[in-house]
Amino acid sequence: MPKSTPKSPSRAASTPSGPSPRAAASPARPIMIVSGVALAAALLGLVSYTATKPSSPGSGGSSSVAEVSADPTAGVYPELEAYARRDPADRLALGRADAPVVLIEYADFKCGYCGKFARDTEPELMRKYVADGTLRIEWRNFPIFGEESEAAARASWAAGRQGRFWEFHRAAYAEGAKEKGFGPDRLAALAKEAGVPDQARFARDTDSAAARAAVAADQRQGYSLGATSTPSFLINGRPIAGAQPVETFTDAIEAAARSAKNVTAQRTAKPTPPAPSGEPHPGATR
């Protein structure tokens, strides 16, 4: 099968007025060998920047919206469902490990559009789908905005070590938070705001080899998918790029839930047992 290598990440937009960032240093990216993964990578590579770039003057906003079809299999790549870890011990995830739908988010704490999703859309998805067991949300640190992005990613992982990742996530994405930067003092302040109990351990964990390895693993997964900007998402193998309207996510989640329900029904359906020898099959005419 032919192999394709994902392109290097292009620049990604942080806020409508923010400068163009340089891509963060990244580990070597794996070569994709599955055609479905390569196709999805091409999709995200084509639309992820245009879905999050600043609007041009007079444009009235970006018109690039990831399409979600009523067909639950449209735009779905089954190979990408394996990207979900479903680890019950994952501190950077919310929801049941066996939830029928998994939303994976690849994001950067310095990304303005990631903050918009975190403030405006994610809470609604949590209330509507995580609470009833339909949805699991798995976070992937995907820092592409330089050293402070890398530091914030490691700090979020360190907060997770003490069970406070989502509180740190909320504090770091609060309105106006990213404008204060993510230097060491600011990260310590965010950890305190998030209720991280052991600040000394937090500092050690943030600068640890384990934190760097965890962030690098998330980055490799995002690059292998072809993500070139943030936020990028997978919903049961369906790629979505950018901070899209909430309806884009609800439609995709509900389509994935219906599809998962159908698959479960097919697996549990009992075939009609064969009729005893010499007896007609039920429903047969004599």
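Helices and strands here are runs assigned by DSSP, with at least four residues for a helix and at least two for a strand, numbered from the N terminus. Counted that way, the protein has eight helices and five strands. Their order from the N terminus is α-β-β-α-β-α-α-α-α-α-β-β-α. Please keep in mind that this is a predicted model.

Let's begin with how far the model can be trusted. The mean pLDDT is 79, and 68% of the residues reach 70 or more. Two stretches call for caution. Over residues 1-35 pLDDT stays under 50, although the model has 81 contacts beyond four places in sequence for them. Residues 45-70 also stay under 50, with 53 such contacts in the model. Where pLDDT is low, the predicted coordinates should not be read in detail. As for the chain in general, 46% of its 286 residues are buried. Of the contacts between residues at least 6 apart in sequence, 80% join residues at least 24 apart.

Now turn to the sheet. Its five strands lie in the order 1-3-2-4-5, forming an open sheet with mixed pairing. Strand 1 (93-94) and strand 5 stand at the edges with a single partner strand each, so one side of each has no neighbour in the sheet. Strands of a sheet pair through backbone hydrogen bonds, either parallel or antiparallel. Strand 2 (residues 101-107) pairs with strand 4 in the antiparallel sense, over four bridges. Strand 4 (residues 232-235) is also joined to strand 5 by four bridges, and these two run antiparallel.

Leu234 is a handy residue for following these pairings. On strand 4, Leu234 is the bridge partner of Ile104, and in strand 5 the bridge partner of Leu234 is Pro239. Strands 4 and 5 form a hairpin with two residues between the strands, and there Asn236 takes a positive phi near 50°.

Is strand 5, at the edge of the sheet, covered or bare on its faces? In a regular strand the side chains alternate between the two faces of the sheet. In strand 5, Arg238 and Ile240 are on one side, Pro239 and Ala241 are on the other, and all are buried. Beyond strand 5, Gln244 sits in the loop that leads to helix 8 (246-268). Gln244 counts as buried because its relative accessible area is 5%, under the 20% cut-off. The side chain of Gln244 reaches back to the backbone oxygen of Ala241, at 2.4 Å.

Next comes the nonpolar interior. In soluble globular proteins, nonpolar side chains tend to be buried together. The largest nonpolar core here has 56 residues, of which Phe109, Leu125, Leu135, Phe168 and Ile235 touch the most other members. Helix 2 (residues 112-130) gives the most to this core, with seven residues. Take Leu125 as an example: leaving aside residues up to four places away in sequence, Leu125 touches Leu103, Phe117, Val130, Leu135, Val246, Phe249, Thr250 and Ile253.

Two helices are worth a closer look. Helix 3 has 15 residues, which at 1.5 Å a residue should span 21 Å, and its end C-alpha atoms are indeed 21 Å apart. Helix 3 is mostly covered, with twelve of its 15 residues buried. Among the buried ones are Glu150, Arg154 and Trp157, along with Ala151, Ala152 and Ala153. What do the buried residues of helix 3 pack against? Their neighbours are strand 3 (135-141), helix 4, helix 5 (184-193), helix 6 (199-206) and helix 7 (209-225).

Just after helix 3, Gly163 has a positive phi of about 75°. Gly163 belongs to the loop between helix 3 (147-161) and helix 4 (165-172). With a relative accessible area of 39%, Gly163 is partly exposed, because that value falls between the cut-offs of 20% and 50%. Pro197 is 34 residues from Gly163 in sequence, while their C-alpha atoms are 9.5 Å apart in space.

Helix 7 can be checked in the same way. Its 17 residues should span 24 Å at 1.5 Å a residue, and its end C-alpha atoms are 25 Å apart, which agrees. The buried residues of helix 7 include Ala211, Val215, Asp218, Gln219, Gly222 and Tyr223. After helix 7 comes Gly226, with a positive phi near 100°.

Terms used
Residues are numbered from 1 along each chain as its sequence is written. Side-chain values use heavy atoms; hydrogens and water are left out. Buried means under 20% relative accessible area, exposed over 50%, partly exposed in between (1.4 Å probe, protein chains only). A nonpolar core is a set of buried Ala, Val, Leu, Ile, Met, Phe, Trp, Tyr and Cys residues joined through side-chain atoms within 4.5 Å. Contact means heavy atoms within 4.5 Å. A polar contact is a pair of N or O atoms within 3.5 Å; within protein, one must be able to donate a hydrogen and the other to accept it, and residues adjacent in sequence count only if both atoms are side-chain atoms. pLDDT is the predictor's confidence in each residue, from 0 to 100. Two strands pair if DSSP finds at least two bridges between them. The expected span of a helix is 1.5 Å times one less than its number of residues.
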